[in-house]
Amino acid sequence: MSEHQKKTIFSGVQPSGKLTLGNYLGAIRNFPLLQEEYQCIYCVVDLHAITVRQEPAALRRQTLEVLAQYIACGLDPEKSILFIQSHVPAHAELAWILNCYTMFGEASRMTQFKDKAAKHSDNVNVGLFDYPVLMAADILLYQADLVPVGVDQLQHIELTRNIAQRFNGVYSDTFTMPEPYIPKAGAKIMSLTDPTRKMSKSDQNPGGFVLLMDKPDDILRKFKRAVTDSDNRIVVRDDKPGVSNLITIYALATGQTIQQVEEQFAGKGYGELKPAVGEAVVELLRPIREKTEDLLKNKDYLEQVYTAGAQKASALARKTLDKVYRKVGFIKR
Ligand code: AQP
């Protein structure tokens with residue numbers, strides 16, 4: 001199929017910390033699966049990351065690390081466009097335009113804003129509020145058909161669709177309507193210490209998340225301490241969030257169904273489940289960690305990847321932005 005006929009996929013990950021098993025199972029794991037059939041565009045969204053205060057040197061390091069992890073997780077820079085968001089100014093430019101087509105009321109309903117505003121009450125900045133509009137710009141700039149994300153981003157994709165529909169309604173068809181691509185399993189991996197909350201890289205308690213770069217001993221220890229419950233039955237059930245989370249992780253790490261895992265552990269206790277999940281995750285993440293470490297030693301290569309990626313992304317983004325500028329009535333520069 002020629003590049004012209006291929007549908008487009010766009011997604012991004014924030015370099016707001018080190019990536020977790022949740023980021024991997026909910027999103028990045030799916031990125032390479034589609035790179036043969038689709039034109040894939042994957043971005044490290046550093047503009048989004050500064051909606052929460054970042055330490056500059058750490059942000060630079062984490063940005064390169066996310067790029068290296070994209071490649072370590074199977075993305076091929078020859079097939080997919082990999083780049084850093086701040087290198088393509090069209091994201092910020094389109095976000096401004098879209099701000100003028102987003103209602104204050106609809107943006108105010110975003111639950112991630114409410115959660116993050118509560119978590120960072122000392123820094124509830126306008127950028128944090130505007131985060132979903134920038135995300136809409138990221139997606140609509142590339143006329144993306146599909147957006148692979150974890151379930152926590154679903155509301156933002158719905159807002160993106162509303163903004164696109166409104167703009168298209170005023171000015172005739174301009175943006176492709178994007179669809180979310182949410183995995184059937186793993187769309188919301190929960191914290192190991194509080195399984196009612198999602199696993200998050202900015203969690204204050206490092207026991208709650210497993211990082212892709214964690215050493216095997218740390219991974220095993222975190223799973224041994226994972227919160228379960230007192231009934232000792234290994235089944236997925238709404239009233240057993242901790243055990244359900246462990247079963248889901250084990251199923252994804254070993255390529256089994258939930259039912260197969262429940263059968264494997266029937267009659268066994270958490271003392272067997274927890275180390276088994278830990279070991280399966282160690283093996284799942286080992287090649288990713290090793291490949292990431294190798295790639296991070298080769299900064300020149302990473303620079304080549306993100307420079308070439310930004311060039312390709314800019315050319316595509318420019319086309320959309322020109323069209324949008326024309327439609328809203330700006331004079332051609
Ligand atoms: N726990 C999770 N389970 C499944 N998917 C998840 N994602 C995040 N956490 C989970 C998905 O990972 C992708 C990248 O996320 P992001 O870094 O852009 O932002 P986020 O959703 O805010 O992730 P974090 O880890 O919770 O970051 P912080 O702590 O900085 O806010 C997205 O597709 C997301 O759905």
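This report describes the paired strands, the ligand site and one buried loop residue of a predicted model.

## Strands E1, E2 and E3

Strand E2, residues 38-44, has a parallel partner in each of two strands: E1 pairs with E2 over seven bridges, and E3 pairs with E2 over four bridges. Individual bridge partners show how these strands are set against one another. Phe10 has Ile41 of E2 as its bridge partner, while Tyr42 is partnered by Leu82 of E3.

Strand E1 spans residues 7-13 and is mostly covered, with five of its seven residues buried. In strand E3, residues 81-84, the side chains fall into two sets: Ile81 and Phe83 point one way, and Leu82 and Ile84 point the other way. All four of these residues are buried. In a regular strand, side chains alternate between the two faces of the sheet. Leu82, the bridge partner of Tyr42, thus belongs to the set that points the way of Ile84.

## The ligand and its surroundings

The ligand occupies the space of the largest pocket. Around the ligand are 22 residues, of which the closest are Lys116, Asp152, Ser200, Lys201 and Ser202. Two helices, H1 (21-26) and H6 (111-119), each supply at least two residues of this shell. Helix H1 gives the most, with three residues.

Polar contacts to the ligand involve both backbone and side-chain atoms of the protein. On the backbone side, a polar atom of Gly150 is 2.8 Å from an oxygen atom of the ligand, and an N or O atom of Met199 lies 2.9 Å from a ligand nitrogen. The side chain of Ser202 places an N or O atom 2.5 Å from an oxygen atom of the ligand. The accessible area of the ligand on its own is 640 Å², and the protein covers 97% of this area.

## Gln54 in the loop between H2 and H3

Gln54 is located in the loop that runs between helix H2 (46-49) and helix H3 (56-72). Its relative accessible area is 18%, and because the cut-off for a buried residue is under 20%, Gln54 counts as buried.

The side chain of Gln54 also makes a polar contact with the backbone: it reaches the backbone oxygen of Ala49 at a distance of 2.9 Å.

Note on methods. Residues numbered from 1 in each chain as written. Predicted model: local features only at pLDDT ≥ 70, side-chain atom pairs only at ≥ 80, totals over all residues. Heavy atoms only, no water. Buried < 20%, exposed > 50% of the residue type's maximum accessible area, 1.4 Å probe, protein only. Pairing = 2+ DSSP bridges. Near = heavy atom within 4 Å. Polar contact = N/O pair within 3.5 Å; in protein donor to acceptor, adjacent residues only side chain to side chain. Areas by Shrake-Rupley, 256 points an atom, 1.4 Å probe, with all protein chains shown as cover. 1 Å grid on protein atoms, 1.4 Å probe; cavity = no way out; pocket = protein on both sides within 12 Å on 5 of 7 lines; lining within 4 Å. Sits in = over half its atoms within 2 Å of the grid points.
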